Amino acid sequence: MEVEHMKGGLRSRSYNLGFKRIKVREENGEEEEPLSPMARMFRQPESNIYIVVIVGYKRLIDPDVYKTNLTETFLKHPRFSCLQVADEKSGGEVKWVKTNVDINQHVKVPMVDPYMASPDKFVEDYVANLSKTRMSMSLPMWDFHILNLKTSDAESTVVVRVHHSLADGTSLMALLLSCSDALPSFPAMKKKPISRGAGWFPIWFWKSWSVLLLMWNTLVDIWMCVATTYFLKDTQTPLKAPSSDVAFTPRRIVRRTFSLDDVKLVKNATHTTVNDVVLAMTQAGLSRYLNRKYGQAKSDGEARESCENNLPNNIRLTATLFINLRTSPGIYALEEMVKKNSKAEWGNKIGYVLYPFKIELKDNPLDYIRDAKAKIDKKKATLEAKFRLFLAKVFVRFYPTKVRHMYIN
């Protein structure tokens with residue numbers, strides 16, 4: 001049910017969300033924008049996903065000052081002062097509808113003991129508990145949690161939770177940085193120079209080969225997409241959730257700090273990228289972790305480090321790597337982001353690719369980097385991410401709930 005009232009330059013509407021009647025206000029002449037296909041996918045029960053950001057500060061936080069700053073910066077973006085409401089006039093189409101925001105309902109300041117024995121574990125437990133709760137759809141779906149607690153790497157911590165239908169990680173990162181004192185600068189993309197003296201045939205051959213390689217890699221990845229969806233499952237390991245309904249499995253975020261200078265040193269020595277090195281570190285860490293877990297199972301749970309290889313053969317462990325599909329990637333100021341048809345392209349402009357981890361112990365640690373680079377180079381020469389984005393839009397728009405749930409799960 002929907003009731004409209006006109007008063008001055010504002011239009012007031014009353015919507016029924018199925019459990020509570022709410023009133024929202026919209027500026028006269030400003031149309032309500034429908035949710036994008038990706039935003040609609042992220043609000044489905046089987047893909048009810050939140051982005052969690054943990055921010056460390058150098059000093060204690062004054063909650064009142066923090067709320068004032070959020071009102072003057074964060075709330076200027078329209079998505080964070082909107083509800084997702086089904087418009088009965090449009091056949092139940094879900095739209096963004098402007099509403100009044102009470103900042104006190106979105107900024108939580110729990111009482112904490114500043115002298116507790118393990119503050120780092122407290123932060124981990126706090127974030128893990130957030131993964132077990134859901135946000136009310138009667139409010140804009142975001143919140144800030146201020147923890148004035150000294151940890152090993154910060155004087156205070158803020159945990160930000162945003163529903164994924166509002167934005168992807170790139171959009172949220174740009175918005176959070178826009179709220180800070182200064183925007184960081186990023187190096188421009190460097191194009192590989194073309195040798196003019198090479199002649200037209202080598203250039204034509206290289207371009208033709210690149211197109212053929214792109215088509216072949218895309219076909220292989222589409223086949224792997226279908227196979228993974230229907231029958232090619234991961235090996236049951238200690239890392240895999242025991243329940244088939246993994247969408248509702250609680251999550252736990254464990255943080256580790258690494259020196260970016262050390263990562264860059266390895267990157268420059270191996271002529272790779274930061275992503276290559278980080279993926280190699282992840283693959284090496286998972287291999288050692290699983291080797292230790294399988295070793296504990298053999299020794300009746302006794303925890304010990306061993307050079308012995310306890311890993312089963314041919315472990316299949318697949319990760320999903322999310323790809324920014326924006327035509328103009330980078331960090332933009334808040335004023336640029338709120339403009340219509342902005343290059344910042346606010347929203348969920350992402351696709352993803354399957355990344356098969358090779359779980360094994362290697363004698364030379366650099367072999368992990370070579371393996372990661374070879375796989376990532378193949379993923380760069382494929383349209384898998386765009387294909388998966390297209391597939392998600394098709395499933396959300398045309399397929400019934402059961403089929404959607406199977407695909408997303």
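Here is a walk through this structure, from the whole chain down to a few single residues.

Keep in mind from the start that this is a predicted model. The protein chain has 409 residues, and 36% of them count as buried. Its secondary structure runs to 11 helices and 12 strands. How does the chain fold back on itself? Take the contacts with a separation of 6 or more: residues 24 or more positions apart account for 70% of them. On the outside, the accessible surface of the chain comes to about 25500 Å², and carbon and sulfur atoms hold 57% of that.

Let's look at a pair of helices next. Two packed helices are described by the angle between their axes and the distance between the axes. Helix α6 covers residues 260-270 and helix α7 covers residues 274-298; they pack at an angle of about 105 degrees, and their axes are 9 Å apart. Angles of 65 to 115 degrees count as roughly perpendicular, so α6 is roughly perpendicular to α7. Which residues make the contact? On the α6 side you'll find Val263, Val266 and Lys267, while α7 brings Val274, Val277 and Met281. Sorted by type, the residues of this contact are five nonpolar and one charged, with no polar ones.

Now for the aromatic rings. A search of the whole structure turns up 12 aromatic pairs. One of them joins Phe74 and Phe80, with 4.3 Å from centre to centre and 55 degrees between the planes, which makes the pair tilted. Are these two residues buried or exposed? Both Phe74 and Phe80 are buried. They also belong to a cluster linked by ring pairs, together with Tyr57, Tyr66, Trp142, Phe144 and Trp346.

One member of that cluster, Tyr66, leads us on to Ile146, since Tyr66 is among the residues that Ile146 touches. Ile146 sits in strand β9, residues 142-147. With a relative accessible area of 0%, Ile146 falls under the 20% cut-off, so it counts as buried. Not counting residues up to four places away in sequence, what does Ile146 touch? Besides Tyr66, the list holds Ile61, Pro63, Val107, Lys108, Val109, Pro110, Thr157 and Val158. Thr157 is 11 residues away from Ile146 along the chain, and the C-alpha atoms of the two are separated by 6.2 Å.

For a contrast in exposure, try Lys98 in strand β7, residues 93-98. Lys98 has 31% relative accessibility and counts as partly exposed. Lys98 and Pro140 are 42 residues apart in sequence, yet from C-alpha to C-alpha they are 9.5 Å apart in space.

Our last stop is helix α10, residues 384-398, where you'll find Glu384. Glu384 is buried, at a relative accessible area of 2%. Leaving aside neighbours within four places in sequence, Glu384 is in contact with Asp221, Tyr352, Val353, Leu354 and Lys379. Ala385 lies in helix α10 too, and at 8% relative accessibility Ala385 also counts as buried. With the neighbours within four places again left aside, the contacts of Ala385 are Ile323, Leu325, Gly351, Tyr352 and Val353. Tyr352 and Val353 therefore appear in the list for Glu384 and in the list for Ala385, where contact means heavy atoms within 4.5 Å. As for Gly351, it is 34 residues away from Ala385 along the chain, but the two C-alpha atoms are separated by 4.4 Å.

Definitions and conventions:
Residues are numbered from 1 along each chain as its sequence is written. This is a predicted model: local features need pLDDT of at least 70, side-chain atom pairs count only at pLDDT 80 or more; totals for chains, interfaces and linings use all residues. Side-chain values use heavy atoms; hydrogens and water are left out. Axes are lines fitted to C-alpha atoms, for helices over the stretch in contact, and angles run from 0 to 180 degrees between N-to-C directions. Helices (H or I, at least four residues) and strands (E, at least two) are DSSP runs, numbered from the N terminus. Angles under 35 degrees count as roughly parallel, over 145 as roughly antiparallel, 65 to 115 as roughly perpendicular and the rest as oblique. Ala, Val, Leu, Ile, Met, Phe, Trp, Tyr, Cys and Pro count as nonpolar, Asp, Glu, Lys and Arg as charged, and the others, Gly among them, as polar. Buried means under 20% relative accessible area, exposed over 50%, partly exposed in between (1.4 Å probe, protein chains only). Accessible areas come from the Shrake-Rupley method with a 1.4 Å probe; for residues, only the protein chains shown count as cover. Rings of Phe, Tyr and Trp (its six-membered ring) pair if their centres lie within 6.5 Å; planes under 30 degrees apart count as stacked, over 60 as edge-to-face and the rest as tilted.
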